[in-house]
Amino acid sequence: MRIVAEGICKSFSNQVLHEVDLAIPAGSIHGLVGENGAGKSTLAKIIAGLMQADAGTLHLDDAPYSPPSAAEALRAGVAICTQELSLVDDLSVSDNILLATSTVKLARIDRRAADARASTLLDLVGLRDVAPRTRVRSLSLAEKQLVEIAKVLATDAKLLILDEPTSALTGPQADRLHAILRDRAIAGACVIYISHRLSDVLDICDEVTVLRDGRVRLALPSERLDEKTLIREMAGADADFNARRRTSKQLADARLTVENLRTAALSHPISFACKRGEILGIAGLAGAGRSELLRTVFGLDRRIGGSVRIDADGIATEVRTPRQAIRCGAGFVAEDRAGDGVFPAQALKFNITVAGLGRIADRAGRLVRSQERSAVLKLLKDLRVKSDGVDQKMRELSGGNQQKSLLARWLHCESRLLLLDEPTRGIDVAAKLAVHEELVRLRDAGMSIVAVSSEVEELQSLCDRILVLSKGKLVAEFQPGNWSQEAILAAAFSEYVQEPQGLKQAHGSA
Amino acid sequence: MGALGEHVVLLSLVAIIVFFGLISESFFSLTTVSTLVNQLPALTVVAIGMTLVLISGAIDLSVGSVLALSAGVIGACIAVFGLPLPLAALVGIVAGGLAGFTNGALGAYLRLPIFIVTLGMLEVARGLAYLATDSQTVYLGASIQGFALPIGSTGISAAFATALLLVIAFDFILKSTIFGRQIVAVGSNESAAEVSGIDPRQVRCTVLVISGLLAGLAGLMNASYLGSADPNAGVGLELSAIAAAVIGGTSLMGGRGSVSGAFLGVLIVSVLQIGLAQIGVTEPMKRVITGAVIIMAVILDRWRAP
């Protein structure tokens, strides 16, 4: 099957795909790479019918194709394995595979045939030890990912789309998958392969397209590409951010000291410190452990070992729970604003004072409303939050104003250490600049800030220092003098590109 | 829950009273008032607990059985062990608190589904009530009835006064204290509450203990009203309490509600019961109408706060 996409556009709150073209001949594996947020997954979901394009056309073997749903796409021979697993935890492996493939809804299920087919597919993806009747819930993440792949293979689709299929897999497991994809391609299928593992992409793909900011930067045969070129194209030209550096007066003593911290997601012990009046950036790819690092520092996620100490009035205090962290002057703004941040149905004043209720209460624990009102009004004014007053419901505010309100929550607590996960995600450019301005103002007033962002430019324009995580490991530290976007991205990819490249061996033995 | 919400509930209550006043000649009478005064306290205190539990995003289906357990324990303390009344009453209330703590420990700390946990407790507490009373109504004598009898000529019993005071106290706690805000926060967005330094497990467990203690107090009220400990008391009370809370504007999804609203809900449910009985509506029809009123209240609620 051959697919041609022309002029694909897609917007959410901002435009994520700008007139993207893509042409993949039958029997070919096509790599799709780009930074987080470059538009890879959106493009994949449009082709698979999970989303619809705003503009542009798709053709499958010269026939116009615009699937309204994933089921329609599947009927046309297009199957996707998304980044987010779509297995039903409480059903067996065999049932999950059956769900993906059966088109007749009321036919009696032939258990034995279904199990036999599941068993063949499990063998194929290398899960010989998993019985078809095993509940998905009891599988490991890597096993689930392989079942998800088996599900897609079961469909006999002629166009397979795999979005980060190997993120949880070991080298040999990934090699086996690549060999299967090769076989499918030889049989005439067409494969779209999205991955952060650039060496894999160059190894198995016939052609690679690089997306940046929703635009195609380059589409070339793999032989003419190398990892360096890919990273350079993904990052784009280096803007001269360093020229805009401010001088900041940092004090020598650390406000946050993390030593040998280990969690389930952070396989290698991590140590770093954040000084008074410093903005420390944390870069890395999605899934590198950035959010987990911040959450663990704040005491939300369990740690396996190591220590987190926050300076509270000159005494470095070990913190293990959010309550302790807040008492030591820390505040945390989560990546998922709706899920872990705001109380959407509650008033603005409720949202802002909720973490520091003691500050607006008398000794008996009774809230003093006048005090609450004046404290909130002052914060709204200081942070220039646009609202209809302290009683307005949080959900009625724009994303940018919600984000400022979350900052206000911690300013109300007089926090001296802010842990910010994607502080400007999903807010418009003007609001983003306003948040940046505010953070710099706070920094200059002595606040310590640790900020995670997927946008390297954002970190470069905001931070005094940048740490890079790659696959759960702290791999590099950059100072304003030596950071280029290319170098930071190369560091972010470093733990992924060093994967054992055993594909050729796997081919040889197969 | 805006001021408008409670006004609507209050207007509905007035409308119901006027309606029965016009239809039934005997509605505005001392009998009605005394029936109401007798019925109200137990349902009121249980509804207070239920409201807090619902706002915190949980539910407590065990309150009716816990009421019977408390009454049974009080009965056993007096009839079998010969404890003085105040001590027996205390033991009964503590028994309710222990049931609530069990709910909280299992539901909040072990994160078992609270619906199922309290459903189990509904059976366990009922069984224990039968065990405590040997499956019979235990006669307790006149002294315990003092709590439920009108004081002097005021028509107001100590039980009724206690219930009213608790409404005022818990309304204040919910609206104007740190703990009240924490309950709303946990029910509104548990993860965000945790990020804000609130321990959701601790808050939910505390609220379930309060609900158990209040159900225990309702057991004392029930026993003093009847002058005996009845192991069959409080069957289906959890549904009336949930209905009162919901009529009063409490969201079953958590994060919203008020204790004063729940009290208005209790009044509506009780007045409806008494009024319908007085105009000769049969028991099955009474249930149909009460059920319809609950559903209407939820529709109203959806309309005023989408």
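Q: What makes residues of chain A and chain B count as touching in this predicted model?
A: Two residues are in contact if their C-beta atoms, placed from the backbone, lie within 7 Å. By that cut-off, 18 residues of chain B are in contact with 21 residues of chain A.

Q: Which helices of chain B each supply at least two residues of the side that touches chain A?
A: They are α7 and α8 (190-195) of chain B. The largest share, six residues, comes from α7(B).

Q: What classes of residue make up the side of chain B that touches chain A?
A: That side has six nonpolar, eight polar and four charged residues. Gly goes with the polar ones in this scheme.

Q: How do you know that the end-to-end distance of α6(B) agrees with that of a helix?
A: Take 1.5 Å a residue: the 19 residues of helix α6 (residues 158-176) of chain B should then span 27 Å. The end C-alpha atoms of α6(B) are 26 Å apart, so the two agree.

Q: Which residues of α6(B) are called buried, and why?
A: A residue is buried if 20 or more other C-beta atoms lie within 10 Å of its own. In α6(B) the buried residues are B:Ala159, B:Phe160, B:Ala163, B:Val167, B:Phe170 and B:Leu174.

Q: Why are those buried residues said to be on the same side of α6(B)?
A: Around the axis they cover an arc of only 100°, which puts them on the same side of α6(B). As a rule, an α-helix has 3.6 residues a turn, so residues three or four places apart point the same way. On the other side of α6(B), B:Leu165, B:Ile168 and B:Ala169 are exposed.

Q: What do the buried residues of α6(B) pack against?
A: Their partners in chain B are α2 (30-55), α7 (178-188), α9 (200-226) and α11 (259-278).

Q: What makes chain B as compact as a globular protein of its length?
A: Chain B has twelve helices and two strands. Its radius of gyration is 19 Å, close to the 19 Å that the globule rule gives for 306 residues, so chain B is as compact as a globular protein of that length. Of the 306 residues, 53% count as buried. Among contacts in chain B between residues at least 6 apart in sequence, 78% join residues at least 24 apart.

Q: Where in chain A does the pLDDT stay under 50?
A: One such stretch is residues 238-245 of chain A, with ten contacts beyond four places in sequence. Residues 500-510 of chain A are also below 50, and that stretch has 15 contacts beyond near neighbours in sequence. Chain A averages a pLDDT of 87, and 92% of the residues score at least 70.

Definitions and conventions:
Residues are numbered from 1 along each chain as its sequence is written. Chains are lettered from A and ligands numbered from 1 in the order in which they are written. This is a predicted model: local features need pLDDT of at least 70, side-chain atom pairs count only at pLDDT 80 or more; totals for chains, interfaces and linings use all residues. Helices (H or I, at least four residues) and strands (E, at least two) are DSSP runs, numbered from the N terminus. The expected span of a helix is 1.5 Å times one less than its number of residues. A residue is buried if 20 or more other C-beta atoms lie within 10 Å of its own, exposed if 12 or fewer, and partly exposed in between; C-beta atoms are placed from the backbone. The arc is that of the directions from the helix axis to the C-beta atoms. The radius of gyration is taken over C-alpha atoms; the globule rule is 2.2 Å times the number of residues to the power 0.38. pLDDT is the predictor's confidence in each residue, from 0 to 100.
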